[in-house]
Amino acid sequence: MEKLTLEEAKRLNDTMVTEESLKLHAANVAACMGAMAEHFGEDKEHWEAVGYLHDYDYEKYPDEHLQHTEEPLREAGVPEEDIRAILAHGYGICNDVEPKTNMEKSLYTVDELSGIIQAAARMRPNGITDMTLKSFMKKFKSKNFAAKCDRPLILKGCEMLGMDVKEVSDIAIQGMKEHAEELHLAGHPEDDTEE
């Protein structure tokens, strides 16, 4: 394949990933990556596809994350630059593949960042639809909120990108807003009662 499409990324991911929470995380990261691609004037769908596929081996090999990614994706025909971008999001965590390109640095950064955005949006009546950067940054600065998300890593990623965390967060929030329904972040208005 010349480049990874979102459809192909979803097909490949589905061969390994069954947990809904992991599929949702893949979709969150894909939404952020699409927005980052637009920021850098790159191919939005291509970046979304790489974002969607980034945790390909995580469900089956959580303790060996990214060690069962390279060969299967290569055999599936995924281009080398896309495989490298996926591997680079594990830099300093489970490998030493340093993010070099804007795509690699973006994936490294938004993987964790999307988790905090998702957690913050879920606490709001209207989900992400009316979330402001200011309200999000309050949550970001509260270390007890979404405590598992690695803030130093996010800040390191922003530094690699040469961007402020507020700028990257704003781009990521906008990207996720575009997909609010799909990401289950459109909120729960009072009149939408469920039995």
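Biologist: Is Glu80 buried, partly exposed or exposed?

Modeller: This is a predicted model. Glu80 is partly exposed, at 43% relative accessible area.

Biologist: Which residue does Glu80 form a salt bridge with?

Modeller: Side chains of opposite charge can pair when their charged atoms come close. Here Glu80 pairs with Arg74, with the closest N and O atoms 2.6 Å apart. Arg74 is partly exposed, at 30%.

Biologist: What separates Glu70 and Arg74 in helix α4?

Modeller: About one helical turn, because they are 4 residues apart in α4 (residues 70–75). They form a salt bridge, with the closest N and O atoms 2.9 Å apart. Glu70 is partly exposed, at 33% relative accessible area.

Biologist: Where do Arg84 and Glu104 lie?

Modeller: Arg84 lies in α5 (residues 80–88) and Glu104 in α6, so the pair ties together parts 20 residues apart in sequence. Their side chains meet in a salt bridge at 2.7 Å, N to O. Arg84 is partly exposed, at 31%, whereas Glu104 is buried, at 4%.

Biologist: Which residues do shared salt-bridge partners join into one network?

Modeller: Glu70, Glu71, Arg74 and Glu80. The salt bridge count comes to 11.

Biologist: Now the empty space. What volume has the largest pocket?

Modeller: Rolling a probe the size of a water molecule over the atoms shows where empty space is left. The largest pocket has a volume of about 760 Å³. Of its 26 lining residues, His25, Asp55, Tyr58, Asp111 and Glu112 are the closest to its centre.

Biologist: Which helix supplies the largest share of the lining of the largest pocket?

Modeller: α6, with 7 residues. The lining divides into 12 nonpolar, 7 polar and 7 charged residues.

Notes. Residues are numbered from 1 along each chain as its sequence is written. This is a predicted model: local features need pLDDT of at least 70, side-chain atom pairs count only at pLDDT 80 or more; totals for chains, interfaces and linings use all residues. Side-chain values use heavy atoms; hydrogens and water are left out. On a 1 Å grid over the protein atoms alone, a cavity is a set of points where a 1.4 Å probe fits but cannot get out, and a pocket is an open set with protein on both sides within 12 Å along at least five of seven lines; lining residues have an atom within 4 Å of a point. Grid points are joined across faces, edges and corners, and a volume is the space filled by probe spheres set on the points. Helices (H or I, at least four residues) and strands (E, at least two) are DSSP runs, numbered from the N terminus. Ala, Val, Leu, Ile, Met, Phe, Trp, Tyr, Cys and Pro count as nonpolar, Asp, Glu, Lys and Arg as charged, and the others, Gly among them, as polar. A salt bridge is a side-chain nitrogen of Lys or Arg within 4 Å of a carboxyl oxygen of Asp or Glu. Buried means under 20% relative accessible area, exposed over 50%, partly exposed in between (1.4 Å probe, protein chains only).
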